[in-house]
Amino acid sequence: MSIERVFVAGAGLMGHGIAQVHAAIGRAVTLYEPELARAEAGRDRIAGNLERAVAKGKLTADDRAATLARVTPAADLGAAADADLVIEAVFEDVDVKTRLWSELDGIAPADAIFASNTSSIAIDRLAAAVSEGRRARFAGMHFFSPVPVMPLIELIRGSATDDPTEKAIRDLAAHLGKQVIVSADRPGFIVNRVLMPFLGEAMRAYEEGLGTAEDIDTGARVGLNHPMGPLELADFIGLDVCLGIMRVLHEGFGQDHFAPPAILERLVADGHLGQKTGRGFHAYPR
């Protein structure tokens, strides 16, 4: 099917980036938040991203204006009534996501594709919130942050996801210039299944006093040739996000190496979530 109209639910870190990349390839995008000011703030972040691209000579001013003109902020879910593709990028919470999908099920066209940007929650668990006839067109479409830069999409098929839905997402990803990997519907999927135990072990090493945060990160950057150290990466992702994913993994597999480290629990409880709050395993100027 042809995807020309995209409805993105959630205008935060991931949602505004997802909206931006679709608008950049000529799709009409509705960027939704229940409060219009938040949707408009997401559009403003897109404007800032595009302006920086113009300043660096990567985008013309005309292309910037055309891309931004394709993004419409909205506070009414009814705007999904003509969508070809609905992408959900709200908080990583099963109840929040399933309530939203249940509402969208009664609004979006019957042939629309439903895609969740979830980073860890089972697609079948989310698809259970929509009518049985729609589940063949329900899949995971997990982008990586920052969306305009990161070239990967993790495509997750639920037990009911059909081949035409996978093909439509693959075709769209090709237009977006993204590479697709396909994961079975298991906790954490491929990337976070591999990544979170690594981050967790770095956190436990820090908690035990094995090394400073700087030395642990330098060890990974220099010794393992990683572009970013594990504690720095956790701060970048958001410690609350890491905690949520680790809890899903631990619940799903029950193995100790998936359990969130105590220091991560403490930092999140104290409101230290990484770069977005100015403090996590490292401090960041505000």
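In this predicted model, Pro 146 sits in the loop between strands E6 and E7, and the peptide bond that leads into Pro 146 from Ser 145 is cis, with omega near -5 degrees. The strands on either side of that loop belong to an open sheet of eight strands with mixed pairing. The points below begin with the sheet, continue with the helix contacts, and end with individual residues.

**The sheet and its strand order**

- The eight strands of the open sheet follow one another in the order E3-E2-E1-E4-E5-E6-E7-E8, and their pairing is mixed.
- At the edges stand strand E3 (71-74) and strand E8, each of which pairs on one side only.
- From one strand to the next, the twist of the sheet averages 25 degrees.
- Helix H1 (residues 13-24) packs on this sheet, where it touches strand E1 (5-9), strand E2 (28-32), E3, strand E4 (85-88) and E6; the direction of H1 makes about 170 degrees with that of E2.

**Strand pairing around E7**

- Strand E6 (residues 138-143) and strand E7 run antiparallel and are joined by five bridges, and within this pairing Phe 143 has Ile 153 in E7 as its bridge partner.
- Strand E7 (residues 152-157) is also joined by five bridges to strand E8 (residues 179-183), but here the two strands run parallel.
- In the pairing of E7 with E8, Glu 154 has Ile 181 of E8 as its bridge partner.
- Between E7 and E8 the chain passes through helix H6 (residues 163-176), and the resulting β-α-β crossover is right-handed.
- As a general point, side chains in a regular strand alternate between the two faces of the sheet.

**Helix H7 and its two helix contacts**

- Helix H7 (residues 191-207) and helix H10 (residues 239-253) have axes that come within 10 Å and cross at roughly 110 degrees, so H7 and H10 are roughly perpendicular to each other.
- On the H7 side of this contact are Asn 192, Arg 193, Met 196, Leu 199, Gly 200 and Met 203, which meet Cys 242, Ile 245, Met 246, Leu 249 and Phe 253 in H10.
- Sorted by class, the residues in the contact of H7 with H10 are eight nonpolar, two polar and one charged.
- Helix H7 also packs with helix H11 (residues 262-269), at an angle of about 90 degrees and with the axes 8 Å apart; H7 and H11 are therefore roughly perpendicular to each other.
- Met 203, Tyr 206 and Glu 207 of H7 make this contact together with Ala 262, Ile 263, Leu 264 and Arg 266 of H11.
- By class, the contact of H7 with H11 has five nonpolar residues, two charged residues and no polar ones.
- Met 203 takes part in the contact of H7 with H10 and also in the contact of H7 with H11.

**Backbone features in the loops**

- Most residues other than glycine have a negative phi, and most peptide bonds are trans.
- Phe 189, in the loop between E8 and H7, has a positive phi near 60 degrees although the residue is not glycine; Phe 189 counts as buried because its relative accessibility is 4%, which falls under the 20% limit.
- Asn 225, in the loop between helix H8 (213-223) and helix H9 (230-237), likewise has a positive phi near 60 degrees in a residue other than glycine; with a relative accessible area of 68%, Asn 225 is exposed, the cut-off for that class being over 50%.

**Two residues in their surroundings**

- Val 86 is part of strand E4 and counts as buried, because its relative accessibility is 0%.
- Leaving aside residues up to four places away in sequence, Val 86 touches Phe 7, Trp 101, Leu 104, Ala 108, Ile 113, Phe 114 and Ala 115.
- Between Val 86 and Val 29 there are 9.9 Å in space, C-alpha to C-alpha, while the two residues are 57 residues apart in sequence.
- Arg 266 belongs to helix H11 and is partly exposed, with a relative accessible area of 43%.
- Arg 266 and Asp 235 lie 31 residues apart in sequence, and their C-alpha atoms are 14 Å apart in space.

Conventions. Residues are numbered from 1 along each chain as its sequence is written. This is a predicted model: local features need pLDDT of at least 70, side-chain atom pairs count only at pLDDT 80 or more; totals for chains, interfaces and linings use all residues. Side-chain values use heavy atoms; hydrogens and water are left out. Axes are lines fitted to C-alpha atoms, for helices over the stretch in contact, and angles run from 0 to 180 degrees between N-to-C directions. Helices (H or I, at least four residues) and strands (E, at least two) are DSSP runs, numbered from the N terminus. Angles under 35 degrees count as roughly parallel, over 145 as roughly antiparallel, 65 to 115 as roughly perpendicular and the rest as oblique. Contact means heavy atoms within 4.5 Å. Ala, Val, Leu, Ile, Met, Phe, Trp, Tyr, Cys and Pro count as nonpolar, Asp, Glu, Lys and Arg as charged, and the others, Gly among them, as polar. Two strands pair if DSSP finds at least two bridges between them. A crossover is right-handed if, with the strands pointing away from the viewer, the path from the first strand over the helix to the second runs clockwise. Buried means under 20% relative accessible area, exposed over 50%, partly exposed in between (1.4 Å probe, protein chains only).
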